[in-house]
Amino acid sequence: MALGDNPRICEVHAHPVGRDAIDKVLLQMGRSRHWVTNPLVSSLRLRTVARLAEPLVGPRFADALLELLADHPSVVTTGSSRTQGRSEDPWWRTAVFYQVYPRSFADSDGDGIGDLRGIIDHLDHLRDLGVDCLWLSPIFDSPNEDAGYDVRDYRAVMSEMGTLDDLDALIAGCHERGMRIILDLVVNHTSHEHAWFQAAIADPDGPYGDYYHLRPGRPGEDGTGPPPNNWTSFFGGSAWRWIPQARRWALHLFAEGQMDLNWENPAVRAEVADIVQWWRSRGIDGFRLDVINYISKRPGLPDGDEAIGALIGFPGIEHYFFGPRLHEYLHELRGAGFTRDDSDPPPTSTVRARRDDQSVGEPQPPDRVGVMVGETPGVGIEMGRLLSGAGREELDLVFNFDVLDGPGRIRWDDYRYDLAYLKDFLIEQQSRIGADDRVALFLDNHDNPRMLSKVLGPRDRDPVARSAVAKLLATIQLTLPGTPFLYQGQEIGAADQRFDSIDQLRDVESLNRHRELLADGLDAAGALAGVVPGARDHARVPMRWQPGPGHGFTTGVAWQPSVEESSGFTVEEQQDDPDSVLSFHRDLIRLRRQHTTLADGAVRFPDRRSRRWFGWVLADRDGRDEWLVELNLTDRRIRRPRHFVGRTEVELASLAGPGFHRPGVTRRGPWMGPYETVIARITH
Ligand code: TEU
């Protein structure tokens with residue numbers, strides 16, 4: 001259905017991309033998304049509303065939006081991948097993923113940098129936790145301008161992390177324990193030290209010149225003139241860098257050394273498919289695809305709209321965050337890279353089956369399609385469905401980043417995250433995805449401060465509140481329908497750091513931002529305060545394995561020296577404590593393995609409106625196995641809503657001590673303790 005030049009708001013809203021765009025603007029403004037479904041508003045014409053909102057959205061908003069809508073399907077038609085029955089279910093539907101940040105996980109050789117042997121040494125920890133699949137942040141050879149997200153060689157391991165042999169041993173070590181392993185595929189850009197880029201700038205008119213976005217300066221220019229367009233880098237300044245040797249501008253949406261690949265070039269796409277196949281044959285089970293929604297840029301790379309740039313913070317973004325050929329590229333990569341041909345030689349190793357008693361069985365036949373997990377910043381719920389809906393054959397799962405910050409907030413703001421927003425967001429997401437769709441559920445990663453600390457603020461050092469919130473967040477990730485991605489440290493309640501000097505930060509994004517804030521005239525304290533709340537280093541500090549110097553992470557000097565000292569929040573201290581955050585994760589994962597309803601049941605949400613209580617009922621297909629999960633979203637005791645279910649039997653609860661729910665209890669009392677979590681079976 002063509003929308004014409006001036007559709008009504010309701011027509012824009014009926015388009016998946018239109019709906020997400022409207023939601024995004026409202027979220028940014030801190031407005032309710034229901035504002036737009038008001039009949040008065042929804043019958044207005046887009047250009048009328050855009051004119052009224054012009055001070056905020058600028059004069060070209062309607063044109064830019066219509067251009068974006070025209071690039072994508074106007075309805076989400078997702079086929080069902082499950083119509084043939086449960087045997088068709090892909091393994092990742094009910095898997096628990098665990099993200100390892102290798103630099104900070106475990107250092108086996110004392111150089112202060114985590115490495116592959118260190119991961120191998122801790123595989124039993126992950127198996128005991130119940131992890132089904134590891135995702136490793138980048139380990140490929142890299143000059144590390146952006147901690148490995150700038151790849152120099154896609155077929156070699158970063159020397160400080162080990163060798164290809166170590167990686168083979170790690171793959172085998174995972175598979176032997178019944179766990180899969182995926183890597184990070186960073187192919188929106190390469191390092192400027194990659195051989196392709198070096199060849200491109202040595203001969204911009206040669207075969208590699210077209211691998212990147214290289215643009216000549218205007219006649220007589222030497223790079224001092226304006227760059228080819230007004231796009232800016234996520235890490236500050238223009239997205240263009242002048243390469244004197246080539247007399248060309250080169251596009252970099254991230255750091256200066258992260259050069260954007262030109263996906264319009266079929267040779268680039270073939271190279272990427274080849275890399276994927278190469279790793280698949282080595283036993284890698286799939287990839288998380290870094291900023292994969294940025295790969296298709298609007299031809300001609302036109303200027304971004306200034307007002308949209310100001311609204312979203314990044315001029316140019318509307319021309320690449322959901323580009324015209326994105327669906328085509330992903331579908332092609334799925335076929336050419338991720339899908340096995342029957343004639344392909346078998347991978348070096350495959351995962352062993354894991355039995356209910358945790359023992360392992362025979363190696364499984366290779367997966368036909370390696371899992372594709374998309375990192376998709378800026379993509380809303382409907383766009384996510386266009387990318388990963390069942391039967392779309394693009395991505396399998398996507399991360400929706402709207403979960404991370406409340407209305408009108410961005411990562412750099414110093415504020416307390418409201419769990420009631422999380423509830424709203426999750427219910428909205430759950431109710432809009434198709435019955436066979438699956439979303440990735442994540443709250444922490446290597447790019448964000450810890451959710452636990454955003455919720456608790458300075459109270460994150462109070463061990464009681466800290467444990468309770470860690471368990472509450474785990475319950476959300478592990479029992480709402482979706483595929484959980486735990487990030488290292490979540491299983492022990494890791495919290496943010498108390499950075500008090502810029503010298504403690506290592507991340508290029510923070511250091512660039514700090515320099516810009518100083519240049520803008522802020523004093524040292526102001527610039528630091530503008531960086532610390534959102535600093536990515538918070539989640540990148542070494543894993544705390546045990547108390548004491550080095551925390552069992554290293555015998556040397558850790559590359560990121562700021563590890564908090566509070567006691568009780570290391571693996572060793574929590575290992576044998578039945579009430580610890582670690583035990584809770586382990587118990588909950590075991591429970592969801594035993595009762596598939598918890599991992600893959602149908603959900604309904606009673607009492608959606610409560611700002612204090614969040615609960616859901618999970619039921620299996622014939623409604624015989626039913627579970628109730630309830631959370632107290634507040635730091636006070638609350639009265640639970642009037643009993644809406646009959647008898648229950650508590651299976652897992654988060655608070656220790658008299659007066660709280662414990663497993664085996666059949667009657668849930670009227671009260672819930674601060675941040676309490678209760679998982680109960682409904683016995684009718
Ligand atoms: O992140 C992409 C991204 O958009 C953000 O999450 C990013 O951390 C930052 O907020 C941009 O302002 C991915 C990786 O996860 C990140 O570590 C890399 O730095 C980035 O891509 C570039 O490869």
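**Arg-247**

I started with Arg-247, which sits in the loop between β8 (240–243) and β9 (248–251). The model is a predicted one, and I read every entry below with that in mind. I looked up the backbone of Arg-247 and found a positive phi of about 50°, although the residue is not a glycine. Is Arg-247 buried or exposed, or does it fall in between? I noted a relative accessibility of 45%, so Arg-247 counts as partly exposed. The cut-offs matter for that call: buried means under 20% relative accessible area and exposed means over 50%.

**Leu-301**

I then turned to Leu-301, another residue that has a positive phi without being a glycine; the angle is about 45°. Leu-301 lies in the loop between β11 (286–289) and α12 (306–312). Its relative accessibility is 6%, so I entered Leu-301 as buried.

**The chain as a whole**

I counted elements next and got 22 helices and 24 strands in the chain. The radius of gyration is 25 Å, close to the 26 Å that the globule rule gives for 684 residues, so the chain is as compact as a globular protein of that length. For the outer dimensions I wrote down a box of roughly 80 × 65 × 60 Å, filled by the C-alpha atoms and taken along the principal axes.

I checked burial over the chain: 61% of the 684 residues are buried. The exposed area is about 26100 Å², and carbon and sulfur atoms supply 50% of it. For contacts with a separation of 6 or more, I found that 71% join residues 24 or more positions apart. I also looked up the charges, of which 79 are positive and 102 negative; their mean positions are 7 Å apart.

**The parallel sheet**

I traced an open sheet of eight strands, and the order reads β15-β14-β11-β5-β2-β1-β17-β16, with parallel pairing. Which strands are at the edges? They are β15 (397–399) and β16 (440–441), and each pairs on one side only.

I followed the sheet inward from β16. This strand pairs with β17 (residues 483–487) in the parallel sense, over two bridges. Ala-440 stands opposite Thr-483 in β17. On the β1 side, three bridges join β1 (residues 97–100) to β17, and these strands run parallel. There I noted Tyr-98 with Leu-486 of β17 as its bridge partner.

I then asked how many residues of β17 are buried. Five of the five are, so β17 is largely enclosed by the rest of the structure. I sorted the residues of β17 by face: Thr-483, Phe-485 and Tyr-487 are on one side, Pro-484 and Leu-486 are on the other, and all are buried.

**Strand β24**

I went to β24 (residues 677–682) and found it mostly covered, with five of its six residues buried. β24 runs antiparallel to β20 (residues 626–632), and five bridges join the two. In that pairing, Glu-630 has Val-678 of β24 as its bridge partner. Strand β22 (residues 648–653) is also joined to β24 by five bridges in the antiparallel sense. Here I wrote down Val-650, whose bridge partner in β24 is Ala-680.

**Pro-542**

I looked for Pro-542 and found it in the loop between α19 (524–529) and α20 (571–575). Although it is in a loop, Pro-542 is buried, with a relative accessible area of 5%. What does Pro-542 contact, leaving aside neighbours within four places in sequence? I listed Ser-104, Phe-553, Ala-558, Gln-560 and Val-563. I also took the C-alpha separation between Pro-542 and Phe-105: these residues are 437 apart in sequence and 6.0 Å apart in space.

**Leu-517**

My last entry is Leu-517, found in helix α18 (residues 508–519). Leu-517 is buried, at 14% relative accessible area. Not counting residues up to four places away in sequence, Leu-517 touches Leu-522, Ala-527, Gly-530 and Val-531. I checked Leu-517 against Asp-367, 150 residues apart along the chain, and found their C-alpha atoms separated by 49 Å.

How values were computed
Residues are numbered from 1 along each chain as its sequence is written. This is a predicted model: local features need pLDDT of at least 70, side-chain atom pairs count only at pLDDT 80 or more; totals for chains, interfaces and linings use all residues. Side-chain values use heavy atoms; hydrogens and water are left out. Helices (H or I, at least four residues) and strands (E, at least two) are DSSP runs, numbered from the N terminus. The radius of gyration is taken over C-alpha atoms; the globule rule is 2.2 Å times the number of residues to the power 0.38. Buried means under 20% relative accessible area, exposed over 50%, partly exposed in between (1.4 Å probe, protein chains only). Contact means heavy atoms within 4.5 Å. Accessible areas come from the Shrake-Rupley method with a 1.4 Å probe; for residues, only the protein chains shown count as cover. Lys and Arg count as positive and Asp and Glu as negative; His and the chain ends are not counted. The place of a charge is taken as NZ of Lys, CZ of Arg, CG of Asp or CD of Glu. Two strands pair if DSSP finds at least two bridges between them.
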